[in-house]
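Reader: Hi! I'm new to looking at protein structures, so could you walk me through this one?
Author: Happy to, let's put it up and go through it together.

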Amino acid sequence: MTTQIRSLVIASIVVLSFDLTAQDQKRSVVFEKYPVASEAFESVNAFDVDKDGILDIFSGSYWYKGPDFVRRKNVGPIKRYGEYYDNFSTIVWDINNDGYKDVVDGGWFGGELVWRENPGKDGIWKEHLIARTGNIETTRSWDIDGDGTPEIVPNTPGKPLVIYRLGKELVNNKVSFDSIVVINQHGHGLGYGDLNSDGRSDLVIDKGWLECPLKPFEQPWVFHSEFNVVQSSVPMLITDVNRDGLNDLIIGQGHNYGLDWYEQRLDKAKKRSWIKHSIDPYNSQFHTMTLSDIDNDGEPELITGKRYRAHDDNDPGAHDPIGLYYYKWNGEFFIKQVISYGTFGIGKGTGIFFAVEDLNGDNWKDIVVAGKDGLCVFFNKGPAK
């Protein structure tokens, strides 16, 4: 397919995404774009940095004071390698239990997993090494052992998959971390959720899934090689899409075209299979995504978009327009809603790590996205008039 023809197809899908039933139109919400900064960091989160009761934005070397995000505070430099800053996640967590929320980060080029300590005042955030991991695509955090404290799981393609757990004791008066190797090698892509309905959440990697044992830090995780989804998104989402009682997978192509869901089926002998269904084949670089209820109907929507220049200029679709979308399941298929779409400066993508929070307290969840195409908030204005 030539670039010109592909662009026409993409334009068609954007138009068709608004050809909705009256019920769908009533539920759809609109967003107002609010540019915050032109910085090229690809990771962002929203939390109350200074404990004033108002959500702020944290991205890369800066945090932006809410509620207008105009005042910018420097927290320290991030190394830059060509187009990339070595800043591939923004996990929020009060690690040292001092009442101020810190940030867990890690990068591809430095190959280090770190936490950045919130000083509780203006100034540089001290960086603490958690582990030298090798190249980190991005990092996520889940409470794997169910003790109420999250664990950290970096996606390190070509390296072991390792879970890092906060130590129970201080070492030399410093926070420490334990680790466990779940599998000796994994690729691009990572997810977490209960795939076999045993009440324990499992880990999903590119070539299958790892079954969580009763004691996840003491017993081996059993690997099930049931699919092969190379260059997949982080996260891959685990949810019961079609409401049949079995959890399915939603997977984006991080460096190619395609967004799909994989339907889980069990035969009479309880043998598991996965049926691929396309959600959106017309866009590329669906590197990250989340599920969140942004139309206040009690059901989560799928929010994702393009990671602009994910591999510089070298991914399929790199020169296509940039987009941010949400997809709503209507009982049969996903309906696409365009939040932002267009060429650089008009459309906006997701970067590698983004946040969905009610930033202005109006009870509608907003979306804050970073990336090489800048830092923006999309304020949720509620249902279309």
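Reader: Let's start with one residue. Where is the place of Thr-139?
Author: Thr-139 sits in strand E12. One thing to keep in mind as we go: this is a predicted model.

Reader: Okay! Is Thr-139 buried or exposed?
Author: Thr-139 is buried, and its relative accessible area is 0%.

Reader: What does Thr-139 touch in there?
Author: Setting aside residues up to four places away in sequence, Thr-139 touches Phe-88, Ser-89, Ile-91, Leu-113, Ile-152, Val-153, Pro-154 and Phe-353.

Reader: Can we zoom out? How many helices and strands does the protein chain have?
Author: The chain has two helices and 30 strands. Its radius of gyration is 20 Å, close to the 21 Å that the globule rule gives for 385 residues, so the chain is as compact as a globular protein of that length.

Reader: And what does the C-alpha trace span?
Author: Along its principal axes, the C-alpha trace spans about 60 × 60 × 40 Å.

Reader: How much of the chain counts as buried?
Author: Of the 385 residues, 55% count as buried. The chain exposes about 17,000 Å², with carbon and sulfur atoms supplying 49% of that area.

Reader: What about contacts between residues far apart in sequence?
Author: Take the contacts between residues at least 6 apart in sequence: 49% of them join residues at least 24 apart.

Reader: New topic: salt bridges. How many does a search of the whole structure find?
Author: The search finds 21 salt bridges. One of them pairs Arg-72 with Glu-39, and their closest N and O atoms are 2.7 Å apart. That pair links distant parts of the chain, 33 residues apart: Arg-72 is in strand E5, while Glu-39 is in the loop between strands E1 and E2.

Reader: Are those two buried or partly exposed?
Author: One of each! Arg-72 is partly exposed, with a relative accessible area of 43%, whereas Glu-39 is buried at 19%. The cut-off for buried is under 20%, so Glu-39 with its 19% counts as buried.

Reader: Got another salt bridge for me?
Author: Sure, Glu-137 forms one with Arg-307, where the closest N and O atoms are 3.8 Å apart. Glu-137 lies in the loop between strands E11 and E12 and Arg-307 in the loop between strands E25 and E26, so this pair ties together parts that are 170 residues apart in sequence.

Reader: What are the relative accessible areas there?
Author: Glu-137 is buried, with a relative accessible area of 7%. Arg-307 counts as buried too, at 1% relative accessibility.

Reader: What does Asp-373 meet in a salt bridge?
Author: The side chain of Asp-373 meets that of Lys-348, at 2.8 Å from N to O. Asp-373 is in the loop between strands E29 and E30 and Lys-348 is in the loop between strands E27 and E28, so the pair ties together parts that are 25 residues apart in sequence. Both residues are buried.

Reader: Which residues do salt bridges with shared partners join into one network?
Author: That network is made of Glu-42, Glu-137, Arg-307 and Lys-372, and you already met the bridge between Glu-137 and Arg-307.

Reader: Cool. Now rings! How many aromatic pairs are there?
Author: The count comes to 17 aromatic pairs. Phe-41 and Tyr-85 form a tilted one, 4.2 Å centre to centre with 40° between the planes. Phe-41 lies in the loop between E1 and E2 and Tyr-85 in strand E7, so the pair ties together parts that are 44 residues apart in sequence.

Reader: Buried or exposed, those two?
Author: Phe-41 counts as buried at 3% relative accessibility, and Tyr-85 counts as buried at 15%. Ring pairs also link Phe-41 and Tyr-85 with Tyr-62 and Tyr-64 into a cluster.

Reader: What lies over the face of Tyr-62?
Author: Arg-72 does, at 3.9 Å from the ring centre. You saw Arg-72 before, in the salt bridge with Glu-39. Elsewhere, Arg-165 lies over the face of Phe-217, at 3.9 Å from the ring centre.

Reader: Last one: where does Phe-223 lie?
Author: Phe-223 lies in strand E19 and is partly exposed, with a relative accessible area of 33%. Leaving aside neighbours within four places in sequence, Phe-223 has contacts that include Ile-183, Ile-205 and Trp-209.

Definitions and conventions: Residues numbered from 1 in each chain as written. Predicted model: local features only at pLDDT ≥ 70, side-chain atom pairs only at ≥ 80, totals over all residues. Heavy atoms only, no water. Salt bridge = Lys/Arg side-chain N within 4 Å of Asp/Glu carboxyl O. Helix = DSSP H or I, 4+ residues; strand = E, 2+ residues; numbered from the N terminus. Buried < 20%, exposed > 50% of the residue type's maximum accessible area, 1.4 Å probe, protein only. Phe/Tyr/Trp six-rings, centres within 6.5 Å; stacked < 30°, edge-to-face > 60°. Lys NZ or Arg CZ within 6 Å of the ring centre and 35° of its normal. Rg over C-alpha atoms; globule rule 2.2 N^0.38 Å. Contact = heavy atoms within 4.5 Å. Areas by Shrake-Rupley, 256 points an atom, 1.4 Å probe, with all protein chains shown as cover.
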